Each structure stands twice: as C-alpha cells, then as structure tokens.
Amino acid sequence: MAIIKVQKGTKDILPQEMPVWHFMEEKANEIFTKYGAKEIRTPIFEATELFARGVGDTTDIVNKEMYTFEKSERSLTLRPENTAGVVRSFIENGMHRLPAPVKLWYKGPMFRYERPQAGRQRQFHQVGVEVFGIKQPTADAEVILMAVNYLKALGLNDLTVELNSLGCPDCREEFKKHLKDVIRPYLPKLCEDCQTRFEKNPLRLLDCKSPECQEIYSKPEIQKVIQGDFICEECSNHFEELKGYLDTLGIKYERNKLLVRGLDYYNRTVFEIKSNNLGSQNAVCGGGRYDSLVKNLGGEDVPAIGFAMGMERLASLLGEKPEEKLKAFVISNNIQEAVKYTEELRSKGYTCEFDLANRKFVKQLEKASKVAKYAVILGEDELAANQVTVKNLETGKQETFNRNELILS
Ligand code: HAM
C-alpha cells in the first residue's frame with residue numbers, strides 16, 4: 001500500500017531536532033520575560049476578515065497565500081502571521097485598560113501557501129513580540145533591542161539589522177504619487193504583479209524580485225525618488241531619535257530605503273534582521289510599527305510595534321544540538337524491583353528508564369550504554385544488601401551506594 005507522506009512545504013520536527021527547538025523556546029521565555037513581556041497564545045485559525053482587514057487585501061499574503069476554508073457558513077483562515085491575532089485578542093480582552101506598555105510575546109505555527117524552497121515553508125513557526133501603547137521611539141528601540149538580544153542569546157552572529165521609515169499615511173501618499181509619476185512611463189514593461197501593485201500598493205513595487213523590473217527601478221530618475229527623503233518632519237524626528245537610541249545602545253544598523261515589508265499595517269519604523277549565512281530567504285526577523293491597526297480592527301487608538309522571527313531559519317543557523325542522554329538506566333533481572341527503583345530515581349529528578357522488554361542482563365547493559373550516562377545495577381547481591389552498583393558508562397568506573405543514598409552527578 002502506498003504510504004502517506006508529509007505535505008509539500010511542511011516538515012516533521014523530529015525528536016533529534018527538539019533540543020534546538022527547546023533551546024529557542026526557553027531562550028525566548030528567558031529573554032522576553034526580562035523586558036517585562038508576557039506570553040500569549042491565540043488560536044491557530046481566525047475569521048478570514050481579520051487578516052483581510054489586518055494584514056491588508058493588497059498583500060500577497062492575503063491575496064495568494066492564505067489557507068481559507070468554510071465551516072458553518074463562516075470563512076475561516078489558518079493564521080499566516082500572528083500580529084493580527086494578537087491585536088484581536090488585545091482589543092477583545094480590553095488590554096488597552098492595562099498600564100502601558102503592554103508587552104506580549106508568542107511562538108507557534110503559521111501557514112502560508114507559498115512556493116516551498118530552502119527557508120520557505122507552508123507551515124512554519126514564528127517567535128514574536130508585540131508592544132502596545134507607546135508612540136515614542138523608545139519603544140521602537142526597545143523592540144529592536146529585544147530582537148537583537150534574543151539572537152545574541154542564541155549565539156547567532158553575522159547578522160545585519162536593516163532599518164527604514166515608511167513615514168505616516170500623509171507623507172507616504174506624497175511619496176507614492178512621486179513614485180508613480182516617475183514609473184508610469186515604464187508601466188507596460190513591468191511584470192504582471194507590478195502592474196497591479198502600481199495601482200493598488202505602489203510601495204510594494206520596490207520589493208519586486210523580477211530582474212526586468214529591478215533594472216527599471218534602478219534607473220537614475222527612479223532612484224532619485226526612492227533615495228530622496230520624503231518623510232515629513234514629525235516622522236523624520238521620530239526616525240532620528242530612534243537612530244540616536246540605537247547608537248547609544250551600540251546596535252549597528254544599515255538604512256535600506258528599499259525595505260517596505262510585505263504587510264500593509266506598517267507606518268514609520270520598519271526593520272529586518274538578515275543573516276549572512278542563509279541563501280535567498282535570509283530574513284530571520286521582520287517587524288515594524290503599526291500605529292493604526294488596533295483602531296482599524298475596532299479598538300481604541302493604541303500605537304504598537306513588534307517583530308516576528310522564523311524559527312526554522314533560526315534552527316538552520318543553529319545546527320543540531322546533541323541529544324541529552326538519560327541520566328540512568330536501571331538494570332535488574334528482578335522486574336518488580338527495577339520498576340520500583342526507576343520510579344524512585346525519577347521522583348528524585350533523574351531521567352531514568354529500565355528495560356520494559358525484561359531481557360537478559362547483558363542485553364540490558366548493552367541498551368544502557370547506548371542511551372544513558374549511568375547503568376544502575378540491582379543484581380541479586382545488591383538487592384540482598386540494599387545497595388546499588390553504579391557504572392559510569394563513559395569512563396567504565398564502578399561504585400557501590402546504599403540504595404537510598406544514590407546521588408548521580
Ligand atoms: P514577516 O516578515 O512576514 O512578518 O515574517 C517574519 C519572519 O517569519 C520572516 O523574517 C521569516 O524569518 C519568517 N517567515 C515568513 N514566512 C516564512 C515561510 N514561508 N517559511 C519560513 N519562514 C517564514 C510578520 O509575520 C509580521 N507579523 C511581523 C511583525 C510582528 N510585525 C510587527 N509585529
């Protein structure tokens with residue numbers, strides 16, 4: 001019979017990979033907690049409308065990549081990202097009444113129907129942070145600091161922080177108008193996606209990967225508009241202040257005026273952290289400010305900023321971590337005593353197993369040497385003397401202890 005295989009763009013995270021995943025999750029808890037963030041877990045599916053209104057119906061994510069299905073005449077969608085879900089929960093649970101800032105962090109699976117390739121999956125995991133209630137650039141700096149320090153805690157170096165400001169809706173309109181004016185003469189030569197973007201979301205033109213479009217966008221008159229400073233005084237001050245904080249914190253960054261991000265909710269600060277050791281999918285972190293989203297989704301006027309990181313991409317940079325061996329494997333031909341003593345060692349906090357198959361002594365020892373650091377032997381002599389013999393399976397050294405006084409290092 002044909003075997004059923006894992007779906008394209010999805011992966012099992014196998015037991016031998018778990019140490020790296022636990023490491024990423026534990027570090028997230030440790031680092032984000034230090035900044036006063038609390039973990040939140042929101043559902044994996046939400047009303048489709050949340051993403052259409054939240055992420056934006058001109059984005060690729062909403063237009064092409066959502067896993068949407070109907071149940072009881074409701075349109076539901078597997079979350080393609082978690083900012084919209086966290087904002088929904090923030091509003092629904094009246095979190096705007098909590099003292100600001102409200103700092104939340106999350107981890108979990110996301111779903112996007114994208115063309116799978118190295119570093120790009122259809123089910124992937126993100127770890128992320130969202131900070132609500134502060135409009136000043138101190139929040140932008142702190143959020144970037146949290147991302148950078150988390151990556152540092154994982155031991156990841158060789159990363160570049162790219163930074164840009166998209167301005168506010170007012171100054172962005174101005175920029176879009178100039179951009180459209182200068183690109184209009186080339187419109188018939190642009191790819192199909194860019195022709196749509198030109199009308200619906202001209203900022204996204206800058207994100208196009210097609211070499212033909214890129215060639216057009218590199219023309220001097222277009223570059224002049226892209227590289228020009230279009231943001232208004234207030235947005236410019238916000239950005240300058242942020243850069244000042246980052247300098248004070250010693251966080252290096254590069255300005256990337258082409259950084260526009262693929263989600264519609266951003267204003268002012270956007271950033272990505274890229275690895276120099278990944279292929280084309282080299283963004284390990286993406287984030288930015290989204291001051292209108294809470295209001296647009298029906299909440300109060302609460303500014304916010306956050307980021308999310310792709311955990312598969314982090315895991316591939318971290319490589320495999322060695323699996324931890326069991327502390328002890330209890331060896332005995334007296335199965336009753338083996339069960340009892342194994343349980344005793346577990347209750348003392350040791351990871352411990354015995355041979356469920358109750359095989360011969362030698363087989364048990366063979367198994368122990370594969371899976372454990374110590375073999376804890378309860379032979380007839382030991383049982384009679386209320387003792388245990390402990391064999392260090394790495395050094396071969398043996399010691400005898402009173403049964404109740406065993407301590408394993
Ligand atoms: P995003 O840039 O779409 O932003 O995703 C953030 C990160 O998730 C990316 O930098 C990448 O590491 C990872 N990622 C995205 N798509 C995939 C995929 N198909 N396969 C593997 N990894 C992927 C957001 O999702 C925003 N919600 C971030 C944010 C939070 N902005 C404000 N708050």
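Here are some friendly notes on helix α10, the ligand site and the lysine K257 in this predicted model.

1. **The span of α10.** Helix α10 runs over residues 233-249, which makes 17 residues. From its first C-alpha to its last it reaches 24 Å, close to the 24 Å expected at 1.5 Å a residue. Just after the helix, G250 has a positive phi of about 75 degrees.

2. **The two sides of α10.** Which residues of this helix are buried? They are C235, H238, F239, L242, K243 and L246. These buried residues lie on the same side of α10, because the arc they cover around the axis is only 130 degrees. An α-helix has 3.6 residues a turn, so residues three or four places apart point the same way. If you turn to the other side of α10, you will find E233, E234 and T248 exposed.

3. **What covers the buried side.** Several elements cover the buried residues of α10. Among them are two helices, α5 (137-153) and α6 (169-183). The strands include β7 (159-165), β8 (254-255), β9 (267-275) and β10 (283-289). Keep β10 in mind for the ligand site.

4. **Polar contacts of the ligand.** Three side chains are worth picking out in your viewer. In the side chain of R112, an N or O atom is 2.9 Å from an oxygen atom of the ligand. For Y265, the distance from a side-chain N or O atom to a nitrogen atom of the ligand is 3.0 Å. For Y266, a side-chain N or O atom is 2.6 Å from a nitrogen atom of the ligand. The ligand taken alone exposes 660 Å², and the protein buries 96% of that.

5. **The shell around the ligand.** Elements that give two or more residues to this shell are β6 (123-132), β10 and β11 (304-310). Which element gives the most? That is β10, with 6 residues. Around the ligand there are 27 residues, of which E81, E114, E130, Y266 and A283 come nearest.

6. **A lysine in a loop.** Is K257 buried or exposed? K257 sits in the loop between β8 and β9, and its relative accessible area is 17%, so K257 counts as buried, the cut-off being under 20%. A polar atom of its side chain lies 2.4 Å from the backbone oxygen of Q227. Leaving aside residues up to four places away in sequence, K257 touches N164, L206, I226, Q227, G228 and D229.

Notes. Residues are numbered from 1 along each chain as its sequence is written. This is a predicted model: local features need pLDDT of at least 70, side-chain atom pairs count only at pLDDT 80 or more; totals for chains, interfaces and linings use all residues. Side-chain values use heavy atoms; hydrogens and water are left out. Helices (H or I, at least four residues) and strands (E, at least two) are DSSP runs, numbered from the N terminus. The expected span of a helix is 1.5 Å times one less than its number of residues. Buried means under 20% relative accessible area, exposed over 50%, partly exposed in between (1.4 Å probe, protein chains only). The arc is that of the directions from the helix axis to the C-beta atoms. Contact means heavy atoms within 4.5 Å. A residue is near a molecule or strand if one of its heavy atoms lies within 4 Å of it. A polar contact is a pair of N or O atoms within 3.5 Å; within protein, one must be able to donate a hydrogen and the other to accept it, and residues adjacent in sequence count only if both atoms are side-chain atoms. Accessible areas come from the Shrake-Rupley method with a 1.4 Å probe; for residues, only the protein chains shown count as cover.
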